[in-house]
Amino acid sequence: MTTNAAQSAIKLEILAGSLGFELSGWTKAEAPAAFPAFERWIDAGKNAGMNYLARRCKERQHPSSVLPEVKSILALGVSYRTVLEGTESGGKHPIRSLSGIAEYARGTDYHLWCSDRLRSLSKTHAELFPAERCRGVVDTAPLLERQFAVNTGLGFIGRNTMLINETLGSKFFLAFLLSTAELPDDVFGKPIENSCDEDCRLCIEHCPVGALTDYVLDARRCLNYWTIEYNGSEDDQPQFVKDKIAERPAERPTEYFFGCDVCQNVCPKNLHIVPVSGGTIPPESLSPEELRRIAADTPLERGLIQVFQ
């Protein structure tokens, strides 16, 4: 039974690779070591207006809140380029003609890409483990995802709080398949050593609004929060955010329209990563109808719902 379970787990990893996931690894479903730090982060208010994180904080104490009786977790990673360029038939996605769009959002929404493949993995899981249950998730469930990715050896946490892999840098998406199947210990991956230069502070030094300290992000200062997650009035934005957006370089007038990539782009671990290209058309120059058409099925679509509600 143990041998069969191990072989079945390997088959799921092989299938994940054939579906397009470039990283994979199993880990035991246990209480995440990062939970106390996450709880302190919430208590300090560093989640800004993302109240859903505070409401469901306790659920992140154990992955059983996502799948009761869960015993094993398959962590999966796929690069921005594979998702955003690999799904384009007949040419690049129209959103890539716009300026000021964070790289992760320059194409088909990764939730759609990952969810479609998680369904295939779930179907095969049912065949390999007929007495067990599973659930696929893509960053919407109360799961401390980066902790479990670290546990499998998919990467380590950098000073910019991003998960960093030596091959894909930090420019990749995560997805997970939780399973009630009990696997032998030799199937599980192991954490890898943090290989960041101990003297490197580029992400902290270059953050436009000082949102980063060592391994901690304060969302109350982060431009990603203010241009993606925040759904209030621009009048209520802090003055330092308004000032920073007003200071945008003349050659990149809409640099922070939807997100900010500075802490990733200055990271030495991403220097070998060819970015998904962006365009030059200012989003503000388009009508709401044109923007909605271009943003359909991309992460920007949700942001536009907030902007135009």
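This is a guided tour of a few places in the structure, with a suggestion at each stop of what to select next.

Keep in mind from the start that the model is a predicted one.

**Stop one: Glu 85 and its surroundings**

Begin by selecting Glu 85, which sits in helix α4, the helix made of residues 80-86. Glu 85 is partly exposed, since its relative accessible area is 24%. If residues up to four places away in sequence are left aside, Glu 85 touches Tyr 80, Arg 96 and Val 276. With Arg 96 there is a polar contact between the two side chains, at 3.5 Å. Now add Arg 81 to the selection, and you will have a network of salt bridges in which Arg 81, Glu 85 and Arg 96 are linked. Before moving on, select Gly 107 as well: Glu 85 and Gly 107 are 22 residues apart along the chain, and their C-alpha atoms are separated by 7.2 Å.

**Stop two: other salt bridges**

Side chains of opposite charge can pair when their charged atoms come close. Across the whole structure, a search finds 14 salt bridges, and the next selections show some of them.

Select Arg 56 together with Glu 59, whose side chains meet in a salt bridge with an N to O distance of 3.0 Å. Glu 59 is partly exposed at a relative accessible area of 28%, and Arg 56 is partly exposed too, at 34%.

Go next to Arg 201 and Asp 214, which form a salt bridge with their closest N and O atoms 3.6 Å apart. Arg 201 is in the loop between β6 (172-179) and α7 (202-206), while Asp 214 is in the loop between β7 (212-213) and β8 (216-217), so this pair ties together parts that are 13 residues apart in sequence. Arg 201 has a relative accessible area of 28% and is partly exposed, as is Asp 214 with 36%.

Then select Arg 220 and Asp 218, where the side chains meet in a salt bridge of 2.9 Å, N to O. Are these two residues buried or exposed? Arg 220 counts as partly exposed at 35% relative accessibility, whereas Asp 218, at 15%, falls under the 20% limit and so counts as buried.

**Stop three: helix α5**

Select residues 110-128, the 19 residues of helix α5, which at 1.5 Å a residue should span 27 Å; the end C-alpha atoms are 27 Å apart, in agreement with that expectation. Which residues of α5 are buried? They are Tyr 110, Trp 113, Cys 114, Arg 117, Leu 118, Leu 121 and His 125. These buried residues cover an arc of only 115° around the axis, which means that they lie on the same side of α5. Turn the helix to look at the face directed away from that buried side, and you will find the exposed residues Arg 119, Lys 123 and Glu 127.

**Stop four: aromatic rings**

The tour ends with the aromatic pairs, of which a search of the whole structure finds 9. Select Phe 21 and Trp 113: their ring centres are 5.2 Å apart and their planes stand at 85°, so the pair is edge-to-face. Because Phe 21 lies in the loop between α1 (2-19) and β1 (23-28) and Trp 113 lies in helix α5, the pair ties together parts that are 92 residues apart in sequence. Phe 21 counts as buried at 5% relative accessibility, and Trp 113 is buried with a relative accessible area of 5%.

As a last selection, take Tyr 80, Tyr 104, Tyr 110, Phe 173 and Phe 258, which ring pairs link into a cluster.

Notes
Residues numbered from 1 in each chain as written. Predicted model: local features only at pLDDT ≥ 70, side-chain atom pairs only at ≥ 80, totals over all residues. Heavy atoms only, no water. Helix = DSSP H or I, 4+ residues; strand = E, 2+ residues; numbered from the N terminus. Buried < 20%, exposed > 50% of the residue type's maximum accessible area, 1.4 Å probe, protein only. Contact = heavy atoms within 4.5 Å. Polar contact = N/O pair within 3.5 Å; in protein donor to acceptor, adjacent residues only side chain to side chain. Salt bridge = Lys/Arg side-chain N within 4 Å of Asp/Glu carboxyl O. Expected span 1.5 Å × (residues − 1). Arc of directions from axis to C-beta. Phe/Tyr/Trp six-rings, centres within 6.5 Å; stacked < 30°, edge-to-face > 60°.
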